[in-house]
Amino acid sequence: MPELPEVEVLRRYLDPLVSGKRLCELRVFKSRVVRPESSGKLTETVRGCRVKGIERRGKFLWLNLVKSRSRSPFPLVIHLGMTGRLFVQPSAAELPRHVAAVFRLGRESLVFKDTRLFGRITLETDSIEQLGPDPITDEFLVSDLQSAIGKSAQPVKVRLMNQRVLAGLGNIYACEVLHRAGISPFMKSSDLRLAKFKELHEAIVSTLTRQVEFGMSLDLDFIGETTGDGLFYFGSRHGQARKSKERFRVYGRAGEPCGICSSIIKREELGKRGTFFCVKCQKE
DNA sequence: CGTCATGTTAAGGA
DNA sequence: TTCCTTAACATGAC
C-alpha cells in the first residue's frame, strides 16, 4: 500500500478536486470494501452530502461531509489497503477494471479502484481514533516517539509499523528510516537509548517530509494505468523512474552494495514481512 | 508451479 | 487484562 508520503501527496491532489462538491451518489461495486458490508446504510447516509474537504492521519484518509448547512461534518473514512487507488475522472468516462466504488460529484466522479480489495470505506471511526501520532502533521517530539514505542519486547521495526504506536510507516519506510538512523530492525525496542531515539526521530521526520516533497515534484499517474516506476507508489508519467529508484537506500536492494559502507544489503523476514538492512551500518 | 507484494485485523496463546 | 504472534483476506507479477 501507499504509506504516509504517498497518501499525503494523494490528499493534496484530491482536496481541490472534491472540496465544495456535492456527493450526488455513491455506487458500491465491491461490497467487501464497505464496513459493515451491507452498503445500504452508507450510501443512504452520504447521498446529497457536501464535501468540506479531505484529511489524513497516517495512511487513513477521510472526506468531511455535511448533510446540510447547520449540521456539523462527519467523516467518511477511506483506506487504500495494499492496492487501492483514488482518482477523479469525468462521470461519463469508462471505468477501469477492479473499481470498488464510485462517488459521483456531478460531472466528475471520484473513483476508488482496488485490485486486491484490502481497502476500506466506512463511517466507523474507531480505526482513526486508535492511531498513534502522525509524524508530519501532529507536533512530534523525540519524547513522543519514545513514549509511543515504550518498553516493548518487540523488535523496533515491528513496533514502528504498528499504526497504534505511530501512524504512517509501512514496510518500505520502516526499513528506510532504520537504515538512516543506523539501527538494526531486529533490535529490541526496550534496548533503545536516548541517542538512538533522537536519530530515529530525525530519520522519520526527514525521510517522510522529503518524500512528500519529492512526490509533489513528480507528474504522477494516480489512475495507475501506466507502468510507472513502481517505487513511488503512484507511477510517474515519464522518465522519472531512475530518479525515484535512487530514493531507496535499502528497500528492494538485497544483494546490492550499501550506499554508505558498500556492504551487501541483506533481506530477512521479520514479523512476516521482507526486511532490508545493512549489517554493518545497522548494528544491534 | 512457487514466491513475493508499500496492509490491517481477528483470533488465540502466554 | 495486556502483550505478542500468526492466519486470513484476494489478485497479479515474475
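Trainee: What phi does Gly 20 take just after α1?
Mentor: In this predicted model, local features need pLDDT of at least 70, side-chain atom pairs count only at pLDDT 80 or more, and totals for chains, interfaces and linings use all residues; side-chain values use heavy atoms, without hydrogens and water. Residues are numbered from 1 along each chain as its sequence is written; chains are lettered from A, and ligands numbered from 1, in the order in which they are written. Helices (H or I, at least four residues) and strands (E, at least two) are DSSP runs, numbered from the N terminus. Just after α1, Gly 20 has a positive phi of about 85°.

Trainee: What distance does α1 reach from its first C-alpha to its last?
Mentor: Helix α1 covers residues 4-18, 15 in number. The expected span is 1.5 Å times one less than the number of residues, here 21 Å. The helix comes close to that, reaching 20 Å.

Trainee: Is Lys 59 buried or exposed?
Mentor: Lys 59 sits in the loop between β3 (50-57) and β4 (60-66). Its relative accessible area is 12%. Buried means under 20%, exposed over 50%, partly exposed in between (1.4 Å probe, protein chains only). Lys 59 is therefore buried.

Trainee: Which residue has its backbone oxygen 3.3 Å from a polar side-chain atom of Lys 59?
Mentor: Contact means heavy atoms within 4.5 Å. Leaving out residues up to four places away in sequence, Lys 59 touches several residues, including Met 1, His 79 and Gln 163. The backbone oxygen at 3.3 Å belongs to Leu 169.

Trainee: Which strand gives the most to the largest nonpolar core?
Mentor: A nonpolar core is a set of buried Ala, Val, Leu, Ile, Met, Phe, Trp, Tyr and Cys residues joined through side-chain atoms within 4.5 Å. The largest has 41 residues; Leu 63, Leu 86, Phe 103 and Leu 110 touch the most other members. With 6 residues from 99-105, the top contributor is strand β7.

Trainee: How many residues are in the second, separate core?
Mentor: Leu 4, Phe 140, Ala 148 and Phe 248 are among its members. Leu 4 is also one of the buried residues of α1. The count for this second core is 24.

Trainee: How far does a polar side-chain atom of Arg 32 lie from a phosphate oxygen of DNA strand C?
Mentor: Among the residues surrounding DNA strand C are Arg 32, Arg 97 and Ala 153. The side chain of Arg 97 has an N or O atom 3.1 Å from a phosphate oxygen. A polar backbone atom of Ala 153 lies at 2.9 Å from one. For Arg 32, the distance is 2.4 Å.

Technical notes: A polar contact is a pair of N or O atoms within 3.5 Å; within protein, one must be able to donate a hydrogen and the other to accept it, and residues adjacent in sequence count only if both atoms are side-chain atoms. A residue is near a molecule or strand if one of its heavy atoms lies within 4 Å of it.
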